[in-house]
Amino acid sequence: TGIKELDEITGGLYLGSVDILTGERGNGKSTFASQIISRAIEQDFTTFIYSGELMDWMVQDWIDRQIAGPESVISRKDKNNHLIHLIQKDNVERIHAWYDDRCYIYDMDRVLREEQDPEPVISILEKAIRMYGCNVFMVDNLMTAMDDDLRTDIYRQQSNFVKRLAVMAKKYNVLIILIAHPRKRQVAETGNDDVLGSSNITNLADVVMWYDRPKEDKNDPAPADRILQVTKNRLNGRTTRRIDLWFNQASKRISDTPGEFDWNLGWNKPVAGFEDTDDLSEIPF
């Protein structure tokens, strides 16, 4: 994953498993999961992202910035004085050439434009496996990915959906990272039973991770932006209550070391048809 302590605890995220990523809304679960996808692309896995909330172009913008890194993302104010983050056009083309046929994003916008009933997510994932050889998946999120079935209660739907994901992961030897929201917590500590929905969801998962904001501590000279907890690890049993993480807004990269966001994912090596340029005086976006 590129997060050293997470990799030391888990040994990395394994094919054949369903891993749940949870945490409060707005804290960046999708961003953390898409960074894992960018790392998977770097390691020559074929990836697929399903988002039931974001348009495909928004998902692509996020992962493009994560792949580009802070040195290749240019920040400037728009006409309304809002800070925006952009990648030089030539670099966008090089990034897309780099992950061509290794990153697929579900086009939710097409479903909305054509006013058609969306295909069941399980069928979408299976098609991605059969047609494109995808083996690392990000499903964002549990509630938007489930099929609506008014004949069954919501907990049974959740349990059945995750069970089908677990069967698919093992049948095809793929990794599925499933984003799920937490319950409203009454205490500060988090546990597997705090994931929203049926308790059977975390029973079916191989790894459960929490991605949250840390509590404010005025005595901490370098407070973390986010913390990651591993509350279940079926593969070796090791868990942890806190991994400190830092966030770079421009590139949307997440690091376990303050100020270090400049790792190279390989896209900026020379590619046929492109030339390096240091001239950013005129940037064609």
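Helices here are DSSP runs of H or I at least four residues long, numbered from the N terminus. With that in mind, load the predicted model and select helix H8, residues 154-172.

**Stop 1: a surface patch**

Ile-154 is found in helix H8. Show its side chain together with those of Met-143 and Tyr-155: the three form a nonpolar patch on the surface, with about 270 Å² of accessible area together. Ile-154 itself counts as partly exposed, because its relative accessibility is 37%.

**Stop 2: two cysteines**

Next, pick Cys-134, which sits in the loop between helix H6 (121-132) and strand E6 (136-140). Is Cys-134 buried or exposed? Its relative accessible area is 2%, so Cys-134 is buried. Leaving aside neighbours within four places in sequence, Cys-134 is in contact with Thr-46, Thr-47, Phe-48, Tyr-104, Ala-128, Ile-129 and Val-174. Add Leu-175 to the selection too: Cys-134 and Leu-175 are 41 residues apart in sequence, yet their C-alpha atoms are 9.5 Å apart in space.

Now bring in Cys-103, which counts as buried at 12% relative accessibility. Why is there no bond between Cys-134 and Cys-103? The two sulfurs are 8.7 Å apart, too far for a bond, since a disulfide requires sulfur atoms within 2.5 Å. By this rule the count for the model comes to 0 disulfides, and Cys-103 has no cysteine sulfur nearer than that of Cys-134.

**Stop 3: the nonpolar cores**

Select Leu-6, Leu-21, Phe-32, Ile-67, Leu-228 and Leu-245. Of the 40 residues in the largest nonpolar core, these touch the most other members. Which helix gives the most to this core? Color helix H2 (residues 29-42), which contributes 6 residues.

Then center on Ile-67. Beyond its neighbours within four places in sequence, Ile-67 is in contact with Ser-38, Ile-95, Trp-98, Tyr-99, Arg-253, Leu-265 and Trp-267. For a second, separate core, of 35 residues, try a selection including Val-18, Met-108, Phe-161 and Ala-205.

**Stop 4: salt bridges**

How many salt bridges does the structure hold? There are 8 salt bridges, and a few are good places to pause.

- Asp-44 and Arg-102: their side chains meet at 3.0 Å, N to O. This pair links distant parts of the chain, 58 residues apart, with Asp-44 in the loop between H2 and strand E2 (47-51) and Arg-102 in the loop between helix H4 (89-99) and strand E5 (103-105). Asp-44 counts as exposed at 59% relative accessibility, whereas Arg-102 counts as buried at 15%.
- Glu-126 and Arg-130: this salt bridge spans 3.5 Å, N to O. The partners are 4 residues apart in helix H6, so about one helical turn separates them. Glu-126 is partly exposed, with a relative accessible area of 23%, and Arg-130 counts as exposed at 59%.
- Arg-242 and Asp-244: here the N to O distance is 2.5 Å. Arg-242 is partly exposed at 38% relative accessible area, and Asp-244 is partly exposed at 27%.

For the last selection, take Lys-170, Asp-206 and Arg-234. Salt bridges that share partners join these three into one network.

Methods: Residues numbered from 1 in each chain as written. Predicted model: local features only at pLDDT ≥ 70, side-chain atom pairs only at ≥ 80, totals over all residues. Heavy atoms only, no water. Buried < 20%, exposed > 50% of the residue type's maximum accessible area, 1.4 Å probe, protein only. Patch = residues over 30% accessible without salt bridge, like charges linked within 9 Å, V, L, I, M, F, W, Y side chains within 5 Å. Areas by Shrake-Rupley, 256 points an atom, 1.4 Å probe, with all protein chains shown as cover. Salt bridge = Lys/Arg side-chain N within 4 Å of Asp/Glu carboxyl O. Core = buried A, V, L, I, M, F, W, Y, C linked by side-chain atoms within 4.5 Å. Contact = heavy atoms within 4.5 Å.
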